[in-house]
Amino acid sequence: GLYILCLRNDTFHKVKRFYLLLIVIISTVYPFCSFGNFFHIYESITIYQIILPEVTASNNQVPIEGGFHLNIYTLILSIICSGAIVLFLKLIFQIYRIIRLRMTNNVCKYQNFSLIKLDNNVAPFSFFKWIFTPLHFSSAEDEETIIAHEQIHVDQYHSIDVILYELFTIMFWWNPVVWLLKKEMKITLEYLADEETLSKGFEPKRYQYLLLEISNYNTGIY
């Protein structure tokens with residue numbers, strides 16, 4: 001709620017990224033923290049003594065039939081764990097697809113990243129120090145612009161944020177707020193890359209048209 005009120009419509013994208021990461025860390029760690037040593041609260045406790053009547057065995061007892069009784073909490077926990085397992089396997093499969101693309105396509109080594117050119121029209125994306133782009137662009141300038149955009153993701157380690165939020169979503173997939181935060185993080189990372197790319201002198205209108213053009217390609221892993 002604080003993020004929506006104060007930061008969602010802001011243009012301080014670095015602050016937004018930091019805050020979104022802080023949300024993940026604090027909300028995950030906080031339940032395991034104990035603050036009893038910092039706050040000493042003394043309360044008067046009234047003790048009530050309840051005397052229960054003695055219950056004796058009777059020959060007319062009705063035997064309790066054995067069987068499987070499904071507890072509602074066990075059912076909920078099973079659903080939560082099943083959803084988490086499915087999403088985790090999906091993430092593993094996505095990472096496997098990225099590695100497979102890396103191994104089966106041409107790779108050009110650069111100073112701080114590897115460029116992998118794909119045969120089909122896949123929307124450009126990056127994964128840590130791997131940048132994936134389509135094999136053909138309309139012009140060399142368009143290719144340079146897209147590589148510059150993806151290099152921002154590489155240099156600022158945006159893949160760590162994405163993976164962290166993927167794991168966060170796996171653990172708390174049942175909470176709709178998590179999906180909203182994940183979406184906000186991805187949008188923020190794209191804004192950061194756009195901002196840094198335009199600061200390098202690329203023409204804004206041409207850049208917007210290029211982003212619109214590649215949005216019609218098949219999406220990458222993310």
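When I say that a helix lies across a strand, I mean contact, that is, heavy atoms within 4.5 Å of each other. With that in mind, and remembering that this is a predicted model, please look at helix α3, residues 72-104, which lies across β1, β2, β3 and β4 and runs at about 75° to β4.

Those four strands form an open sheet in the order β1-β2-β4-β3, with mixed pairing, and the edge strands, each pairing on one side only, are β1 (106-109) and β3 (125-127). On average, and ignoring direction, neighbouring strands of this sheet are turned by 25° against each other. Within the sheet, strand β2 (residues 114-118) and strand β4 (residues 130-134) run parallel and are joined by five bridges, and S114 stands opposite W130 in β4.

Let me turn to a pair of helices. The axes of α4 (residues 140-155) and α7 (residues 204-214) come within 11 Å and cross at roughly 80°; because angles of 65 to 115 degrees count as roughly perpendicular, these two helices are therefore roughly perpendicular to each other. On the α4 side we find D142, T145, I146 and H149, which meet R206, Y207, L210 and I214 in α7, and by class this contact has four nonpolar, two polar and two charged residues.

Finally, the second largest pocket has a volume of about 240 Å³, and its lining includes G1, Y19 and E184. Two or more lining residues come from each of α1 (2-6), α2 (13-29) and α6 (176-198), with α6 giving the most, four residues. By class, the lining of this pocket has eight nonpolar, one polar and two charged residues.

Key. Residues are numbered from 1 along each chain as its sequence is written. This is a predicted model: local features need pLDDT of at least 70, side-chain atom pairs count only at pLDDT 80 or more; totals for chains, interfaces and linings use all residues. Side-chain values use heavy atoms; hydrogens and water are left out. Axes are lines fitted to C-alpha atoms, for helices over the stretch in contact, and angles run from 0 to 180 degrees between N-to-C directions. Angles under 35 degrees count as roughly parallel, over 145 as roughly antiparallel, 65 to 115 as roughly perpendicular and the rest as oblique. Ala, Val, Leu, Ile, Met, Phe, Trp, Tyr, Cys and Pro count as nonpolar, Asp, Glu, Lys and Arg as charged, and the others, Gly among them, as polar. On a 1 Å grid over the protein atoms alone, a cavity is a set of points where a 1.4 Å probe fits but cannot get out, and a pocket is an open set with protein on both sides within 12 Å along at least five of seven lines; lining residues have an atom within 4 Å of a point. Grid points are joined across faces, edges and corners, and a volume is the space filled by probe spheres set on the points. Two strands pair if DSSP finds at least two bridges between them.
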